[in-house]
Amino acid sequence: MGSNLTVYCHIFECEDWSKMYLELNRQQVNLSKRVNCTTTIFYLPQVWMPQSEVVCKMKSNQQYAPKVVSGLDLRAGFPPDKPTDISCETTRSSDLVNCSLKRGRETYLPTFYNISVHRENESLLDLIQDGGEISIPREIFNENTKYTLTATAYNHFGASRSDPFIFSVEDI
């Protein structure tokens, strides 16, 4: 999000008296530089739309309407923020321990969360979630044992890991 992009429109055969155009979300882009008769470079400063459509078109003297040369969908976003404010709760009669976390700012991309629960050097659970609510079967826990829960957020632009949340079922 907010990146400057350079788009190359290219055809394979030189067509005299032709001109290439680029549309970003159906709006013509005016910042361009013709490299040669087959290639034009277009500059897209600070693209802030999470999803955009780019279409390269060519118009020549023999055509009434521009011809589509190529196109692509652009996806923009942010790397995930560090998950924060992890909390867990349960009741004596519940079969689940319910945990929540704050995900941070919107990433505009598919973002997944790996929830890990450990005790000492033993991994008890690795769970992939797509949201901020986690339900863990209570049967994997002993009441008085200390556990460490961490959440790691992943998307196309990177990963970010929470601080460890240390708890026992008796505490929550």
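Me: How do I recognise a disulfide here, and which cysteine does Cys88 join?

Reply: A disulfide is a pair of cysteine sulfur atoms within 2.5 Å. Keep in mind that this is a predicted model. Cys88 is joined to Cys99, with an S to S distance of 2.0 Å, so the pair meets that cut-off.

Me: Thanks! What is the handedness of the disulfide of Cys88 and Cys99?

Reply: Look at the torsion about the S-S bond. For Cys88 and Cys99 it is about 105°, so this disulfide is right-handed.

Me: Where in the chain do Cys88 and Cys99 lie?

Reply: Cys88 belongs to strand 8 and Cys99 to strand 9, so the bond ties together parts that are 11 residues apart in sequence.

Me: Are these two cysteines buried or exposed?

Reply: Here a cut-off helps: buried means under 20% relative accessible area. Cys88 has 10%, so this residue is buried. Cys99 has 1% and therefore counts as buried too.

Me: How many disulfides are there by this rule?

Reply: The count comes to 3 disulfides. One of them is formed by Cys9 and Cys56, whose sulfur atoms are 2.3 Å apart. Cys9 sits in strand 1 (residues 3-10) and Cys56 in strand 6 (residues 51-60), so this bond ties together parts 47 residues apart in sequence. Both Cys9 and Cys56 are buried.

Me: And which cysteine is joined to Cys14?

Reply: That is Cys37, at an S to S distance of 2.0 Å. Cys14 is in the loop between strand 1 and strand 2 (18-24), while Cys37 is in the loop between strand 4 (32-36) and strand 5 (39-47), so parts 23 residues apart in sequence are tied together. Cys14, at 40% relative accessibility, counts as partly exposed. Cys37 is also partly exposed, at 27%.

Me: What is the pairing when the bonded cysteines are numbered in sequence order?

Reply: Written that way, the pairing is 1-4, 2-3, 5-6.

Me: Let's turn to rings. How many aromatic pairs does the structure hold?

Reply: There are 5 aromatic pairs. One of them is Phe78 with Tyr108, a tilted pair with 6.3 Å centre to centre and 55° between the planes. Phe78 lies in the loop between strand 7 (67-75) and strand 8 (84-89), and Tyr108 in the loop between strand 9 (96-102) and strand 10 (112-119), so the pair ties together parts that are 30 residues apart in sequence.

Me: Is Phe78 buried or exposed, and what about Tyr108?

Reply: Phe78 counts as buried, at 15% relative accessibility. Tyr108 is partly exposed, with a relative accessible area of 35%.

Me: Which charged residue sits over the ring of Phe78?

Reply: That is Arg105. Its charged end sits over the Phe78 ring, 3.9 Å from the ring centre.

Me: Could you take me through Tyr147 and Phe167? Why is that pair tilted?

Reply: Planes under 30 degrees apart count as stacked, over 60 as edge-to-face and the rest as tilted. The planes of Tyr147 and Phe167 are at 35°, so the pair is tilted; the ring centres are 6.0 Å apart. This pair links distant parts of the chain, with Tyr147 in strand 13 (residues 147-155) and Phe167 in strand 15 (residues 165-167), 20 residues apart. Tyr147 and Phe167 are both buried.

Me: Which residues form one aromatic cluster with Tyr147 and Phe167?

Reply: Phe141 and Phe165 join Tyr147 and Phe167 in one aromatic cluster.

Technical notes
Residues are numbered from 1 along each chain as its sequence is written. This is a predicted model: local features need pLDDT of at least 70, side-chain atom pairs count only at pLDDT 80 or more; totals for chains, interfaces and linings use all residues. Side-chain values use heavy atoms; hydrogens and water are left out. Rings of Phe, Tyr and Trp (its six-membered ring) pair if their centres lie within 6.5 Å; planes under 30 degrees apart count as stacked, over 60 as edge-to-face and the rest as tilted. Helices (H or I, at least four residues) and strands (E, at least two) are DSSP runs, numbered from the N terminus. Buried means under 20% relative accessible area, exposed over 50%, partly exposed in between (1.4 Å probe, protein chains only). A charge sits over a ring if NZ of Lys or CZ of Arg is within 6 Å of the ring centre and within 35 degrees of the ring normal.
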